[in-house]
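User: I'm new to this one. Can you show me the model and explain what the labels on it rest on?

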Amino acid sequence: MEIFHISAECYPVAKVGGLADVVGALPKYQNKAGHLARVVVPCYDTKFKRDNEFECVHWGHIKLGNFNFPFNILKEVNNILGFELYLVEINELFDRKEVYGYQDDIERFIAFQIATLDWIINRENIPDVINCHDHQTGLIPFMMLYCHKYQKLINTPSIITIHNGLYQGRFGFDKLYYLPEFDLAHVKVLEWDNCINSLAVAVKCAWAVTTVSPNYLNEINYSANGLESLFNMVRYKSKGILNGIDIEVWDPATDGMLEKNYSIINYEIGKQENKEKLCNLFNLDPTKPLFSFIGRLLEEKGGDLLPQAAAIALSENYQQINILILGSGNTAIEKQLNSLLQDYKGNYNTFIGYNEELAHLIYAGSDFLLMPSRVEPCGLNQMYSLRYGTIPIVRRTGGLKDTVIDFGDDGNGICHDQASVGDICYSIQRAFALYDDKKQLNTIRLRGMNIDHSWERVCQKYIEMYKLIINKNES
Ligand code: GLC
């Protein structure tokens with residue numbers, strides 16, 4: 001089967017969050033399973049772009065309202081990622097360091113979607129499926145159905161995979177003229193709450209809608225930033241498929257970013273050596289339990305709860321626990337987290353920023369990983385931490401609920417229900433007590449390390465879903 005994944009992110013080409021990890025791994029495993037999966041992302045000014053070799057396989061011009069942009073399709077020549085990678089080069093819009101956060105993001109991603117489809121219809125073969133990811137690619141299913149110039153793709157199934165329904169790519173009808181010509185009889189399809197809503201458009205037009213965990217699919221029926229009723233309406237074509245993790249990249253036995261590699265046989269010593277290294281780097285006490293947080297410091301991730309929860313936990317367990325935070329995001333949260341540094345020296349530290357290598361060491365060297373998310377469509381960090389023998393402490397939401405079960409129910413982690421400082425502190429207390437019971441601690445660690453969240457298994461579910469919609473079309 002020939003599959004195109006179209007996305008704003010793909011690890012290691014360009015990463016902001018978990019979307020990149022999924023788009024960097026799922027296609028690789030689809031290829032290994034005998035399919036031909038390709039990935040298309042915008043060409044940002046990233047290290048990956050500078051360090052690798054590309055050839056131009058197509059070029060053209062796109063029209064965005066009154067503007068004209070030349071574009072090139074660059075193919076990575078050595079296939080180093082395990083799939084064919086294509087970058088859409090539109091220098092005026094994407095030759096920048098960041099993936100998102102510019103005033104013209106709407107224009108940038110519409111241009112990206114148009115250039116991608118222009119190129120796809122120019123290829124010899126039409127793909128069997130087009131899998132779009134998140135709102136930045138949400139207009140594609142619409143354009144494939146209704147834009148005159150993409151008529152060729154009218155029978156090609158499109159899928160929208162929702163990694164986060166909070167972000168929807170909304171813009172006003174004043175920008176309608178950016179879209180390639182289509183039959184205005186269908187203009188209503190673009191509308192949600194008086195705006196053009198890219199995610200809603202995708203949900204309406206795609207042949208199938210997938211979310212990145214089964215529980216998140218249930219949640220968006222009552223909590224989806226205004227799209228609840230739409231998600232209810234399309235339930236018949238929706239499916240929640242729990243993400244996998246790339247167990248080649250995330251393997252404590254071979255991970256080159258660790259101080260010491262380990263497996264289920266020697267994980268106690270292995271984790272301890274990584275912990276010592278980490279504690280050394282951050283001036284923490286390796287004899288005490290280490291609680292870490294890795295991720296974007298946003299309300300969505302419960303980042304706003306962390307400063308107070310950390311302060312309370314550190315005072316209540318004075319010099320008995322360590323807390324380490326790696327992340328960036330909201331500057332107010334960053335400041336509050338840094339303001340605790342003085343008071344809890346030796347037991348608390350932060351690294352404000354993004355650092356993939358450090359993240360690996362933290363998964364290996366920590367005892368517990370905090371994920372107090374308000375919204376977590378899947379969450380990959382808890383799966384990485386399980387594999388590294390680090391016990392996740394999560395709020396029961398989205399994919400966290402699908403993957404972490406409280407140890408009180410013979411599970412693999414520690415769970416609470418409310419996105420509150422009190423619930424986080426209560427979980428930390430339970431973890432603190434658990435830390436002293438080495439036998440139980442190790443039983444729980446091993447349960448986590450033995451779980452199989454590999455893409456090998458999961459990628460079959462995507463293939464089954466593609467087949468289902470292709471067969472429906474043919475029958
Ligand atoms: C987004 C979601 C996260 C999910 C990831 C990959 O970043 O917030 O929960 O794991 O996408 O699907």
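**How the labels are earned**

Analyst: Let's start with a pair: Lys275 and Asp367 are both buried. Buried stands for under 20% relative accessible area, exposed for over 50%, and partly exposed for what lies in between (1.4 Å probe, protein chains only). This is a predicted model, so local features need pLDDT of at least 70 and side-chain atom pairs count only at pLDDT 80 or more, while totals for chains, interfaces and linings use all residues. Residues are numbered from 1 along each chain as its sequence is written, and side-chain values use heavy atoms, with hydrogens and water left out.

User: What makes the contact of Lys275 and Asp367 a salt bridge?

Analyst: The rule asks for a side-chain nitrogen of Lys or Arg within 4 Å of a carboxyl oxygen of Asp or Glu. Here the N to O distance is 2.7 Å, so the pair passes. The two partners sit 92 residues apart in the chain: Lys275 is in helix α9 (267-282), and Asp367 is in the loop between α12 (356-365) and β16 (368-371). Those helices and strands are DSSP runs, numbered from the N terminus (H or I over at least four residues for a helix, E over at least two for a strand).

User: How many salt bridges does the rule find?

Analyst: The count comes to 26. One of them joins Glu107 and Lys175, with the closest N and O atoms 3.2 Å apart. This one also links distant parts of the chain: Glu107 belongs to helix α4 (105-122) and Lys175 to the loop between β8 (170-171) and β9 (191-192), 68 residues away.

User: Is Glu107 buried or exposed, and how do you know?

Analyst: Glu107 has a relative accessible area of 13%, so it counts as buried. Lys175 comes out at 22%, and that is why it is called partly exposed.

User: What about the pair of Arg457 and Asp452?

Analyst: Their closest N and O atoms are 3.6 Å apart, which makes a salt bridge. Arg457 has 46% relative accessibility, so it is partly exposed, and Asp452, at 40%, gets that label too. Elsewhere, Glu2, Arg38, Glu84 and Arg123 form one network, because salt bridges there share partners.

User: How do you know where one domain stops and the other starts?

Analyst: The bounds come from an automatic or database domain assignment. For this chain, domain 1 is 2-244 + 456-474 and domain 2 is 267-452. Their centres, taken over C-alpha atoms, are 33 Å apart. Contact means heavy atoms within 4.5 Å, and by that rule 21 residues of domain 1 and 18 residues of domain 2 take part.

User: What is the buried area between domain 1 and domain 2?

Analyst: The figure is about 1,500 Å², with carbon and sulfur atoms giving 54% of it. It is the accessible area (1.4 Å probe) that the two parts lose on being put together, summed over both.

User: Which charged and polar pairs cross that interface?

Analyst: Two salt bridges do. Glu356 and Lys15 form a salt bridge, with their closest N and O atoms 3.5 Å apart. There are also 10 residue pairs in polar contact, both residues at pLDDT 80 or more. On the domain 1 side, α1 (18-32) and α7 (214-219) each supply at least two residues, and α7 gives the largest share, four residues. That side divides into nine nonpolar, eight polar and four charged residues. Nonpolar covers Ala, Val, Leu, Ile, Met, Phe, Trp, Tyr, Cys and Pro; charged covers Asp, Glu, Lys and Arg; the others, Gly among them, are polar.

User: Why is Glu191 called buried?

Analyst: Its relative accessible area is 18%, so it gets the label. Glu191 is in strand β9, and a polar atom of its side chain lies 2.7 Å from the backbone nitrogen of Asn194. That fits a polar contact, a pair of N or O atoms within 3.5 Å (within protein, one must be able to donate a hydrogen and the other to accept it, and residues adjacent in sequence count only if both atoms are side-chain atoms). Leaving out residues up to four places away in sequence, Glu191 touches Phe173 and Lys204.

User: And what makes Leu340 buried?

Analyst: Leu340 has a relative accessible area of 11%, so it is buried. You'll find Leu340 in the loop between α11 (331-339) and β15 (348-352). Beyond its neighbours within four places in sequence, Leu340 is in contact with Pro307, Ala310, Ala311 and Tyr348.
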